[in-house]
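Dear colleague,

I am handing over the structure we spoke about, and below it you will find what I noted while going through it. Please read the notes with the structure open beside you.

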Amino acid sequence: EVVEDDASPDDVALYFLHWLTDLSGAEATPLGGAEKFVLRFPHHVLSSFLWSIPFLRRLVDTQETEVVEEYLVARWKMAHEQGPDVPTGPEAVALLRLSAMTQGNADVLDAFRGLS
């Protein structure tokens, strides 16, 4: 909906950041909201949220599926710096998504490949 209203990339980034702060604001006190991110929210998950903001900004002028694919490929490259190469072929999207969801866990990827 934000994109349909001629939003700028900055508007999309601000919307996402607002959503993130709203998540911490669900706690009844400011300290409680801060504690949620510092003590109970895994830092790597918070870092991934913030890392994804530049991709979200692209939703203004790029198709959603293209943005998701760019994001997943970037996550793959970050998680698998020493290889393997970015997957291609019919199972590529599944492997990219599994890698992102498991922070690049090679055992999960190998298990998926073993299904066929």
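**A buried serine and its helix pair**

At 2% relative accessibility, S99 falls under the 20% cut-off and therefore counts as buried. Please keep in mind as you read on that this is a predicted model.

S99 belongs to helix α6, and its side chain makes a polar contact, at 2.8 Å, with the side chain of H80. That partner, H80, sits in the loop between α5 (64-79) and α6, and because its relative accessibility is 10%, H80 counts as buried too. If residues up to four places away in sequence are set aside, S99 touches W76, A79, H80, G104 and L109, while H80, under that condition, touches S99, G104 and L109.

The helix that carries S99 also packs against another one. Two packed helices are described by the angle between their axes and the distance between the axes. Here, helix α6 (residues 92-101) and helix α7 (residues 106-113) pack at an angle of about 155°, with their axes 9 Å apart; since angles over 145 degrees count as roughly antiparallel, that is how α6 and α7 are described. Their crossing is right-handed, and the contact is made by A94, L95, L98 and S99 on the α6 side and by V108, L109, F112 and R113 on the α7 side. Sorted by class, this contact of α6 with α7 has 6 nonpolar residues, 1 polar and 1 charged.

With best wishes

Terms used
Residues numbered from 1 in each chain as written. Predicted model: local features only at pLDDT ≥ 70, side-chain atom pairs only at ≥ 80, totals over all residues. Heavy atoms only, no water. Axes fitted to C-alpha atoms, helices over the stretch in contact; angles between N-to-C directions. Helix = DSSP H or I, 4+ residues; strand = E, 2+ residues; numbered from the N terminus. Parallel < 35°, antiparallel > 145°, perpendicular 65-115°, else oblique. Left-handed = near helix turned anticlockwise from the far one by under 90°. Contact = heavy atoms within 4.5 Å. Nonpolar A, V, L, I, M, F, W, Y, C, P; charged D, E, K, R; others polar. Buried < 20%, exposed > 50% of the residue type's maximum accessible area, 1.4 Å probe, protein only. Polar contact = N/O pair within 3.5 Å; in protein donor to acceptor, adjacent residues only side chain to side chain.
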